[in-house]
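Biologist: Please take a close look at a single part, the interface between the chains, and set it in context for someone new to this.

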Amino acid sequence: MNMTSRRRVTHSIIFVLLLIGAVFMIGPLLWMLSTSFKDKQDVFALPPVWIPRPFHFDKYSEIWEAGPLLSGIKNSLIIAVTVTIVGTFTSSLAAFSFAKLRFPGKNKIFLLMLSSLMIPYPAVMIPQFFMFSKLGWIDTLLPLIVPGLFGNIVMIFFLRQYLSSVPNAIIEAAKIDGSSYFRLYSSITFPLIKPAVAAQLILWFMGIWNDYLSPIIYLNSPEKQTLQLVIANFNATYAIQTDYPLIMAASIIALLPMLIIFLVFQKQIIESVAISGVKG
Amino acid sequence: MNVKSNLYRKEKIYGFLFILPPLLGLLIFTLYPMIYSIYGSFTDWDGLGQMNFIGLSNFKDLWSDELFHKALFNTLFMMLGIPIGITLALLLALGLNRGVPGTTAFRVIYYVPVISSLAAVSIMWNWAYNGDYGLVNQFLDLFGISGPNWMANKYTVKPALIIMAVWKGLGYTMLLYLAALQSVSRSYYEAAELDGANGFKSFWHITWPMVRPVTFFIIVTNIIGGSQIFTEMNIMTPTGGPEYASASVVFYIWQKAFGNFQMGYASAMAVFLGVFIFVVTLIQFRMNEKQSFDVD
């Protein structure tokens with residue numbers, strides 16, 4: 001066998017193996033989607049039915065009455081949108097300052113922030129709970145919103161790294177022209193780092209949207225809960241009635257927005273993840 | 001001169017002002033609670049009455065608390081998924097790095113579980129692990145294997161959670177490896193080929209050492225993430241599983257703190273967890289230092 005045909009054979013083998021792997025990755029999710037279109041009896045059919053006949057769309061109309069799904073979506077959106085917009089502003093401003101301005105103690109403060117990444121959320125969640133409980137914020141969205149407004153250290157770190165590739169000369173020149181420091185950030189730096197900001201913002205948004213531990217600590221009443229808690233409650237309630245199509249339909253609703261965002265921005269997201277890993 | 005020093009004074013003020021929000025956030029929402037956690041771990045804090053200092057009593061109780069031992073063992077056991085995930089992800093990345101058709105599509109497909117909500121996929125896997133009608137056992141049936149009722153059996157519940165965790169995280173690890181592989185210069189392989197190195201040899205002497213920093217990064221972040229595992233058990237085994245076989249440390253902390261209001265005791269566990277993560281990170285930094293000496 002010559003080189004090219006041998007390469008072709010190995011390529012085909014790799015392709016087939018990747019394809020089998022892909023089936024395992026996406027299979028369970030497709031099964032979830034297919035279950036959401038079944039009627040209650042078809043769910044228990046053996047061997048399993050992958051393409052329901054006929055398709056039942058009624059679970060997707062039923063879920064809105066079966067639990068506070070709509071308010072779950074609304075609460076998740078309020079938290080994620082407020083935090084990412086305000087938090088991205090504070091984070092990018094701080095990243096600009098850390099990367100391009102000179103002030104005493106800068107590197108020490110930056111190191112302090114970085115080392116705080118080592119402190120896991122479970123280690124601080126109990127005193128945090130009492131802080132917010134004293135303020136009367138339990139069962140409101142505030143404990144999930146307010147800490148994020150102060151910025152995100154991972155984002156600051158990432159943007160600071162990214163800013164090191166922006167030449168200082170541009171900023172120095174504008175400084176001498178008498179531009180204010182906020183303008184240096186808003187009209188010179190920010191436009192340059194927009195793609196990095198966007199990728200980080202999306203990743204952060206997804207993290208908040210999918211978060212489960214902090215909402216479960218703070219939110220009790222059904223109408224205050226985030227989407228993730230609402231679907232977990234669907235699971236607890238309707239599993240007893242073996243209404244799996246309903247549970248799966250609700251879960252699909254929880255997955256879908258992030259899936260769409262990912263498919264639209266997959267290039268930026270994948271790049272951002274790859275860079276943050278390789279650079280440590 | 002005067003203008004310049006004036007400029008610098010202004011820069012000092014603005015520079016500090018711009019980092020003030022995250023700095024305040026760090027002090028209020030991380031450092032202060034952390035100190036409070038440490039203090040609380042030495043008290044009989046119940047969330048309502050007075051906090052009485054009881055010394056190391058909570059830590060002594062942890063030492064003899066069988067449920068804590070179980071939760072700790074479960075958490076560590078489930079980290080067996082880390083080497084499995086790393087091996088699979090590296091194999092996948094090596095496959096994808098050869099430029100087979102459909103690379104972009106594969107990257108997207110393998111990454112979909114990563115972005116999927118953990119709550120939703122926990123619900124889905126819980127149903128897939130159902131003993132009678134679940135997808136997993138129906139698949140095993142094809143090979144004539146009759147699978148167990150995964151989540152209800154104390155021997156299978158942890159492997160079931162490991163399989164799910166590997167599935168969920170594989171795309172992320174694969175992506176990191178793929179990025180690392182793409183930064184390895186082709187000339188190394190060409191030189192190795194001239195020297196007569198076969199595929200495995202060039203993997204062992206070139207690829208593996210080159211991706212070592214990424215491997216470290218993955219191991220450390222996975223241990224940190226794995227030690228905080230919670231959502232899966234909370235949704236799939238709300239009572240901690242058969243004979244508490246799937247409860248994790250964070251699950252137990254959460255139960256003690258917000259279920260039993262044993263805040264002091266839960267804080268002691270939280271401090272334990274924090275120290276564990278600190279030590280893991282410290283080891284990583286040490287190893288990285290050593291590594292850079294190797295390169296020099």
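**Chain and interface**

Modeller: Chain A has a radius of gyration of 24 Å, where a compact globule of 280 residues would have one near 19 Å (taken over C-alpha atoms; the globule rule is 2.2 Å times the number of residues to the power 0.38). This is a predicted model, in which local features need pLDDT of at least 70, side-chain atom pairs count only at pLDDT 80 or more, and totals for chains, interfaces and linings use all residues. Residues are numbered from 1 along each chain as its sequence is written, chains are lettered from A and ligands numbered from 1 in the order in which they are written, and side-chain values use heavy atoms, leaving out hydrogens and water.

The C-alpha atoms of chain A fill a box of roughly 75 × 75 × 30 Å along the principal axes. Chain A has 12 helices and zero strands (DSSP runs numbered from the N terminus: H or I of at least four residues, E of at least two).

Now the interface. Chain A gives 89 residues to the contact and chain B gives 89 residues (heavy atoms within 4.5 Å). The area buried between chain A and chain B is about 8000 Å², with 81% from carbon and sulfur atoms (accessible area, 1.4 Å probe, lost on being put together, summed over both).

The rule finds two salt bridges across this interface (a side-chain nitrogen of Lys or Arg within 4 Å of a carboxyl oxygen of Asp or Glu). One of them joins A:Lys175 and B:Glu11, 3.0 Å from N to O. For the complex, the predictor gives an ipTM of 0.91 and a pTM of 0.92.

Terms used:
Buried area = accessible area lost by both parts, 1.4 Å probe.
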